[in-house]
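Reader: Could you walk me through this structure? I am new to reading such models and would like to take it slowly.
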Amino acid sequence: HTHTPSHRITRTNAYTCHACLKCAGVRVETNEDGQEVLDLTGQMVIPPDTFRMVNVTVLKLNANELPAVPPEVVELVNLEELHLSENLIEFLPLELCSLTKLKVLDFSDNKVKEFPAEFCQALTGLVKIDAYKNEIGKLPAEFGKLVNLEEVNFYNNKLLKIPPEVNSLTKLKEVNFGMNKLFTFPEITGFGNVRRLCLAFNRLVKLPSLAGLTGCEELQLNQNKLESLPELGSMPSLKELNITKNNLKHLPAEIGTFAVIEVVEVGSNALENIPEEVRNLKTLKKVNFGYNKLTAFPELHDLPELITIDIQGNQIDAIPEFLGEMPQLLNLILSGNAIKSLPKFLLNLKDIKRFSIASNPIDLEDAETLEVYQAIHKRTMENKGKFTGVN
């Protein structure tokens, strides 16, 4: 074996036939899409003629401690997928522009600092880019020329802004710019097909109208610095909304127009009330209003699908009667409020699995409260759940 410092991979004297590749511990398989897959993940060994296998369409070089992309990769002219994750790569060589059949480029978990503008001109067949956990500080304006992109993941980079040209990418379905350094986001005009948009863990102070996200099913805006929400529109497809850990003081009434919403997470903000329009969310399954400044329980009447209510860490002093009309409720988190008594209608919660009343001034001297407290405790245990009582 001879050591090759350019990409820290030992070359063996095997011939380029499938049998010999297998002898060398290399898996060559045909996947269900008929693609010929050469998987060198974690191998540290590449047979000498590997890069002459021109029929290979998927190459996996993950977890090989590569300091650079092996230059011979460009010899695989039919490559449709190139997977380079979990290496030590600092730049993407422009020679990759010759791989014009490339549809998937995965260089996640590396040290790449720049996405070359030249890629945007040459690799217009790209459908998916996974750049998770790199050090990219900006995207070129030419990024908008990658018009076939359906999925982009730049989570955990160093992006300061997103070029407005991303609106040209009208085929996008999954967009992840979470955990960057974004203060703002461009006007949204071309994101009608986006199903999932993640802008979490940034520094966003303000957002443009989100009314253009007509196909969005999951919207993640958590861990930012938003003091108010922009125009949301009706978002007819939205199922999950996460805006926890911002600086929101109120929610717009239009939140009540989300016809298929299932999860609303607005914990850890500065909300003093929740708009009564939440009562219109008939498909709602889970709400998190924890750690706000609520003094009254939100109007969650007549929500037949709702199974989880987390309202811990507020200033609520009474449990509303409508909770007794929600026998489907499984999880009720009331800890850290100002509740003194447990009303008898809570015994209607036959299927309750998780019940938390810790850090409340509960009066267990009161006979009814004690009875309900003990009965709920017993029921959660019978349902193999969790009961968190007074401290």
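Author: We will go through some aromatic rings, then a serine, and end on the surface; please keep in mind that this is a predicted model.

Reader: Okay, how many aromatic pairs are there in the whole structure?
Author: A search of the whole structure finds 12 aromatic pairs. One of them joins Phe115 and Phe143 edge-to-face, with 5.6 Å centre to centre and 75° between the planes. That pair links distant parts of the chain, since Phe115 is in the loop between β7 and α2 while Phe143 is in the loop between β8 and β9, 28 residues apart.

Reader: And is Phe143 buried or exposed?
Author: Phe143 is buried because its relative accessible area is 0%, under the 20% cut-off, and Phe115 is buried as well, at 2%.

Reader: What about Tyr373 and Phe387, how are their rings arranged?
Author: Tyr373 and Phe387 form an edge-to-face pair, 5.1 Å centre to centre and with 85° between the planes. Tyr373 lies in helix α3 and Phe387 in strand β19, so the pair ties together parts that are 14 residues apart in sequence.

Reader: Switching topic, where is Ser85 found?
Author: Ser85 sits in the loop between β6 and β7, and this residue is buried, with a relative accessible area of 7%. Leaving aside residues up to four places away in sequence, Ser85 touches several others, among them Leu61, Asn62 and Asp106.

Reader: Last one, which residues make the nonpolar surface patch of about 290 Å²?
Author: Leu160, Phe183 and Val205 make that patch. Leu160, in the loop between β9 and β10, is partly exposed, with a relative accessible area of 49%.

Definitions and conventions: Residues numbered from 1 in each chain as written. Predicted model: local features only at pLDDT ≥ 70, side-chain atom pairs only at ≥ 80, totals over all residues. Heavy atoms only, no water. Helix = DSSP H or I, 4+ residues; strand = E, 2+ residues; numbered from the N terminus. Buried < 20%, exposed > 50% of the residue type's maximum accessible area, 1.4 Å probe, protein only. Contact = heavy atoms within 4.5 Å. Patch = residues over 30% accessible without salt bridge, like charges linked within 9 Å, V, L, I, M, F, W, Y side chains within 5 Å. Areas by Shrake-Rupley, 256 points an atom, 1.4 Å probe, with all protein chains shown as cover. Salt bridge = Lys/Arg side-chain N within 4 Å of Asp/Glu carboxyl O. Phe/Tyr/Trp six-rings, centres within 6.5 Å; stacked < 30°, edge-to-face > 60°.
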